[in-house]
Amino acid sequence: MGPRPNLLTRRAAGVASTTLALLLSTAAVGVVPAASAFSAAPDGACMEPADSHADARMKPGGAAKHDPNELTVNQVREREADMAAALRERANYRTGAGATALATVTIPVVVHVIQENTTRAGGNIPDSMITSQINVLNQAYAGATGGAVTAFAFRLDRINRVTNPSWYPIVQGSSAERSMKSSLRTGGKNTLNIYLGELSNNLLGWATFPQRNLSSMDGVVVLSESLPGGTSTNYNQGDTGTHEVGHWLNLYHTFQGGCGGSGDSVSDTPAEASPAYQCPTGRNTCSATGLDPITNFMDYTYDSCMYQFTPGQASRMLTAWNAYRAA
Ligand SMILES: [Zn+2]
């Protein structure tokens, strides 16, 4: 599969006015040490690194640091068992009640814009970037960019602007993140809370997977300049948001588990040994059938490269919705 086709209202890349390196250097304040990033994460969190160090990561034998995003085999096993249990619970609950699983879902969205001050560099992005992000989500999840049609649509209910220097940048796994979310999170398990801001540790975003009991940590955190029209070169068409919401709807990375085992627990995403960066057309890291799914939203490629979910991922997200997030 090749690069993302030009479809509909996808914006061309190249609107950057600030280099990613500069942008990310400002995020280095108060970072969580990489080695502890995963252990510091709330259960089930996922973190996305930008690939500004992709060369170091990708050099043979020269990986700069362990990628903190992958779940262990045991964590996946536990999550899969939990979803099966949640489905059984709901099936029993429905017996005699006449309730049926949902086939289409409109997700209410609340966007929290975390700002250090009222400048753009301080996180004050315009409303237009946020409405563009919602459009990107709706196109991606409707299959309008070339992928499978999913059950999901997104409705922006509110933009909540918060100026609080102690929450800026948003530091993954910090007490400040917990405080921010505890103060701001709104709605039930079906409400998507998106937190925008500068992020710690070169991250583009992170997300929580669904859980049976609603946690105040539930939601997705996204680098504000990754929104459409943002300054994060190669990551400014809104697909960080699409990717993180995929996790929030229970998708794993396409490279989860590498070449062996159950991989990402989706049958129509070919196995992939490791994250793909940039847009390596023809990449094929596993002997199993199929090229690496580099155009899938759940890989790590450039926004201009990724444009699709598979039918299997669409099905998994809907199953998870009915297990975890449906009323
Ligand atoms: Zn991810």
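## Exercises on a predicted model

Among contacts (heavy atoms within 4.5 Å) between residues at least 6 apart in sequence, 72% join residues at least 24 apart in this protein. Keep in mind that this is a predicted model, where local features need pLDDT of at least 70, side-chain atom pairs count only at pLDDT 80 or more, and totals for chains, interfaces and linings use all residues. Residues are numbered from 1 along each chain as its sequence is written, and side-chain values use heavy atoms, with hydrogens and water left out.

**Exercise 1.** Find out which stretches have pLDDT below 50.

*Solution.* Start with the average: pLDDT (the predictor's confidence in each residue, from 0 to 100) has a mean of 82, and 76% of residues reach 70 or more. Next, residues 1-44 fall below 50, though the model gives this stretch 97 contacts beyond near neighbours in sequence. Then do likewise for residues 51-68: pLDDT is below 50, with 28 such contacts. Where pLDDT is low, don't read the predicted coordinates in detail.

**Exercise 2.** Work out where the buried residues of helix α6 sit around its axis.

*Solution.* First, list them: Glu177, Met180, Lys181 and Leu184 are the buried ones (under 20% relative accessible area, 1.4 Å probe, protein chains only) in α6, residues 175-184. Second, look at their arc, taken from the directions from the helix axis to the C-beta atoms. These residues cover only 90 degrees, so they lie on the same side of α6. Finally, check the cover: it includes strands (DSSP runs of E, at least two residues) β2 (105-115), β3 (152-163), β4 (192-197), β5 (203-208) and β6 (220-223).

Key:
Helices (H or I, at least four residues) and strands (E, at least two) are DSSP runs, numbered from the N terminus.
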